[in-house]
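Here is a structure to go through by question and answer. Each label will be set against its cut-off.

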Amino acid sequence: MSVTPESCDQVSASSQYVVGIGASAGGLESLERLLSATPSDTGMAFVLILHLSPDHASLMTELLEKRTDMPVRACADGERVDANTVYVIQPGTNLEIHDGQLRLTERNPLPGRPNMPIDQFFRSLALDYEEHAVAVVLSGTGSDGTIGVRSVKQAGGLVFVQDPTEARFDGMPGAAINTCCADSICKAAEIPGEIVRLITALGEGTQACVAGEHSAALRQVIGTLRNVTRIDFSAYKPGTIARRVERRRRALRCDTLSDYVEALRRSDVEPGELVGDLLIGVTRFFRDASVWSKLRDLLMSQVATSPATEGPYRVWVAGCSTGEEAYTTAMVVSEALHHAGVDRAVKVFATDVHQHAIDAGARAVYPASVAADVPGDLLHKYFHAHSHGFEAKPALRDLVVFARHDILADPPFTRLDLVTCRNMLIYLRPSAQNRALQLLRFGLHDGGVLLLGASETPADETSGFVAIDRLARLYRAKPGFVRAPGELRTPKTKPSPSSSDRNQERPRTLSTSTGMSQDVLEALVQRLDPPCLVLSPSGELLYNFGNTHRYLRMNVGRTDWDARKLVPEAVSLALAAGLESIRDDATEYRIADVTLEGVEARFRGDLRVSRLDDTSHTPVGAAVFFDHVESLPTEDTAVVSADLSDAVRDRVRQLELELKRTRDSLQVTNEELQAANAELQATNEELLSSNEELQSTNEELQSLNEELHTVNSELQAKLEELGELTDDLETLLQHRDTGVLFLDADGRIRRFNRAICDLVSITEHDRDRPLSHFSHRFRDFDPVGEFHTVRGSCVAVDRRVDTHDGRWFIVRLQPIRTNERQVDGVVLTTHDITDIVESSSQLAIYRNAVLRSPLPYVFLDANATIVDVNGALAEQSLWSRNDLVGRPVRDVVMGTEAHELEQLAARPLSHADALALRVTLRGPDGRAGASANASCFLLRDAQAVKVVCAFGATAPS
């Protein structure tokens, strides 16, 4: 898109935008294209952040100033940014912007951590300019700028990325695109036009959307997203939705919002793009480091003073995005518990409504730039180097469980010790914020901790929280604060899942925490006549119906709910066989005439094990029925199970002993394997540590390679420029009559042209030879001696010399100075003045003839002032020659003739007019003297005389 003057005027009329441009290897070419396409009157300031080598002076400023009409200058500390100006970072420094002023800091990265100047500037730009911040990522390797573009996006700014297919190195553009924060991906020359177009469009379209002119269309957008993505944005602030929708509309180049609604409905990709833009997904490790430090101290003091608690320390990270904050929370909680001496497991539930973000968090692979955020000890402990950056170690990944969850539509997690919900509530309407806070409070136990974002705060009176540290946004759940169940009920209208989603729903299972499913209850109602036990698929007792307590045995001490250990020994084997049978294929297993030894009596009956299925015929448990149960007399000890004899019992006991020995042997083997595994684990950790060190070294080398590539690009551009300059200089030297000879500081020939070869006997093969080795054609002139004079005095000299063949030259010797003002040699130039000398000689002859002529002559300059007269005029005018020189012609010539002489003198030398006058000379006393006829004409000579008046014979007046 080309940039028109009208669009630039619209941008200039708004508040000033600052465009941060990040580039690394291959970035010079991209910057040249971008600046060449940028008008000089956009009203924006441009700040260029590059990976420059701290060991080399940068040529970037002088290379780029040729590509734009805007002034290009190196950044100075404390300098305020001006519109229509380009600023370039200095080598060996990092740059930030605060209150509209550039702040330079010395580059001093920590060992093992790459320097990320682009991320650092983008973050400060987002904080300082918010929605007026623009981030541009051009060619480069690595991932610098990835975190920064997220910050700019969260602040409401714009993000532009160079098309990776055009970039010389696609590492940085690709990493920026993967953040899903780019408003536009285009070629470098098209970026200025896209910036102006989007800024202009947002200035017009967003106001209309927020004002409600397109509220119906916005509702259609929200409804479409609800149906397609199952995410309801109706609780989000309308201004936020309007701005994001307007950006996507402009990106798709739809003329109206209605057109965008149709495009949204037809496209399979655009709903996901819009959701990604609406949810922003901005986060990073240890964002606001002071907050995490305070949270760590709070948790340490809290667990140290609270009674010992069993079970894991439960944490919920709501709105976790791509997982950086979830892993940060896991590290902080683990470290706090460890330093407090509390041996307690940690379980972090990380949830977000955006499935793409959840998948990224579960992968736990992050760019190398996160090394600037994670403290060094934690980075080494919880992460290992990855080909794309850093990957969380299993010890950290196992602490975090990721799940898709809508805080406004799904039930909250419960029995929580800590909840973090940072920078999510600010996008919701006030009513939705209050509801979300109530759900968070419902999930926390009394005294639990809530951590919010910097711009979020609960209403203490109504939300159930009391402030711990308002500055850090830390709050504690009030004891005894309970909301009415109706207030916590999830919305009745929830997006209906599509058919594909229904097919992916998990089967319902029996659970002691959630209760039986409706299908199982319906199956049991029809079979309640005989006593019944309901078991889980693993054989645990869940429910019992009828008079079953007389058949069950409760162990002393800790209760084991395995049904096979609760029933009599004779039944245990049959029950185990029955469960195994229905687990394979059978739906029911029967065994007749089993003896049941109860607490007070003995019974005999039939055992039946039936599989329980839900409506989709998926097994969800088992039911054990005792049919036809009859009491046995206590003295009748000969009655046993119909199919279990003493021999069978002895065989079973023998097998159990063998099984025990086998288990003991397996236990020993397992311990040996664990010991070997521990040794292998230690070796693996050492290898991982070595790999991390190698990766760190590789990153440092990569960073150095980027800097050297930038230096190489600068030098290559400078070399091309010097090549062009050399060609121009060579052309100039070889196509002029002036002789030129360059000598170095030792008087050796460095460069010369053909014209000097006529005067000094040198050829093309005589370079680097001393001038004293060659003869010359000058008379009474010593070039070598004059060279030493000029070199020693550093003052140029001019000499008028002749040659043996009668030619005359002006020879000039001038010192050659370096940038440090040191004399690096002498340049000798010759100018042929033979024609001028010959003309001067002839003119001198004619002048002498005039001065000695018996006829009067007077010479006037351009001001009609007498510059010379001959003796004849002085004699006839009664003036002395000295009195006449310097006088105006009016003092010597009377009447109007003097005025005519003044007019003639004022004419240009090219004028060819002449005057013939009858003049009367004025004497020293002012009286009229002799009269004569005068011929007056223009003339140039060495003294710049313009008018010559030749008088004829004079006669008294």
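**Reading the labels**

Q: Where is the place of Asn423?
A: Asn423 lies in the loop between β16 (416-421) and α17 (430-443). Helices (H or I, at least four residues) and strands (E, at least two) are DSSP runs, numbered from the N terminus. This is a predicted model, in which local features need pLDDT of at least 70, side-chain atom pairs count only at pLDDT 80 or more, and totals for chains, interfaces and linings use all residues. Residues are numbered from 1 along each chain as its sequence is written, and side-chain values use heavy atoms, with hydrogens and water left out.

Q: Does Asn423 count as buried or exposed, and why?
A: Its relative accessibility is 16%. Buried means under 20% relative accessible area, exposed over 50%, and partly exposed in between (1.4 Å probe, protein chains only). Asn423 therefore counts as buried.

Q: What is the phi of Asn423?
A: Asn423 is not a glycine, yet its phi is positive, about 60 degrees. Most residues other than glycine have a negative phi.

Q: Which value of phi does Asp768 have, and where is Asp768 found?
A: Asp768 also is a residue other than glycine with a positive phi, near 70 degrees. Its loop runs between β26 and β27.

Q: Why does Asp768 count as buried or exposed?
A: Its relative accessibility is 54%. That is over 50%, so Asp768 counts as exposed.

Q: What makes helix α11 mostly covered?
A: In α11 (residues 270-279), 8 of the 10 residues are buried. They are Glu270, Pro271, Leu274, Val275, Gly276, Asp277, Leu278 and Leu279. The cover includes α5 (146-154), α8 (215-229), α9 (238-251) and α10 (257-266).

Q: How are α8 and α11 placed, judging by their axes?
A: The two axes come within 11 Å and cross at roughly 110 degrees. Axes are lines fitted to C-alpha atoms, for helices over the stretch in contact, and angles run from 0 to 180 degrees between N-to-C directions. Angles under 35 degrees count as roughly parallel, over 145 as roughly antiparallel, 65 to 115 as roughly perpendicular and the rest as oblique. So α8 is roughly perpendicular to α11.

Q: Which residues of α8 and α11 make the contact?
A: Val221, Leu225, Val228 and Thr229 of α8 meet Pro271, Leu274, Val275 and Leu278 of α11. Contact means heavy atoms within 4.5 Å. The split is 7 nonpolar, 1 polar and no charged. Here Ala, Val, Leu, Ile, Met, Phe, Trp, Tyr, Cys and Pro count as nonpolar, Asp, Glu, Lys and Arg as charged, and the others, Gly among them, as polar.

Q: At what angle do the axes of α4 and α5 cross?
A: The axes of α4 (residues 117-129) and α5 come within 7 Å and cross at roughly 10 degrees. The two helices are therefore roughly parallel to each other. Asp119, Phe122, Arg123 and Ala126 in α4 meet α5 residues including Thr146, Ile147 and Val149. The residues of this contact divide into 5 nonpolar, 3 polar and 2 charged.

Q: What makes β12 and β13 stand at the edges?
A: They belong to an open sheet of 3 strands, in the order β12-β14-β13, with antiparallel pairing. β12 (365-366) and β13 (383-386) each have a single partner strand, so one side of each has no neighbour in the sheet. Two strands pair if DSSP finds at least two bridges between them. β13 and β14 (residues 389-392) have 4 bridges. One pair across them is His386 opposite Gly389.

Q: Which order do the strands of the open sheet of 6 take?
A: The order is β26-β25-β30-β29-β28-β27, paired antiparallel. β26 (749-752) and β27 (778-779) are the edge strands, pairing on one side only.

Q: How many bridges join β27 to β28?
A: There are 2, with β28 spanning residues 797-803. Since a pair needs at least two, β27 and β28 do pair. Arg779 stands opposite Asp802.

Q: How many bridges does β29 have with β28 and with β30?
A: β28 and β29 have 6, and β29 and β30 have 9. Val797 has Leu813 of β29 as its bridge partner. Val811 has Thr830 of β30.
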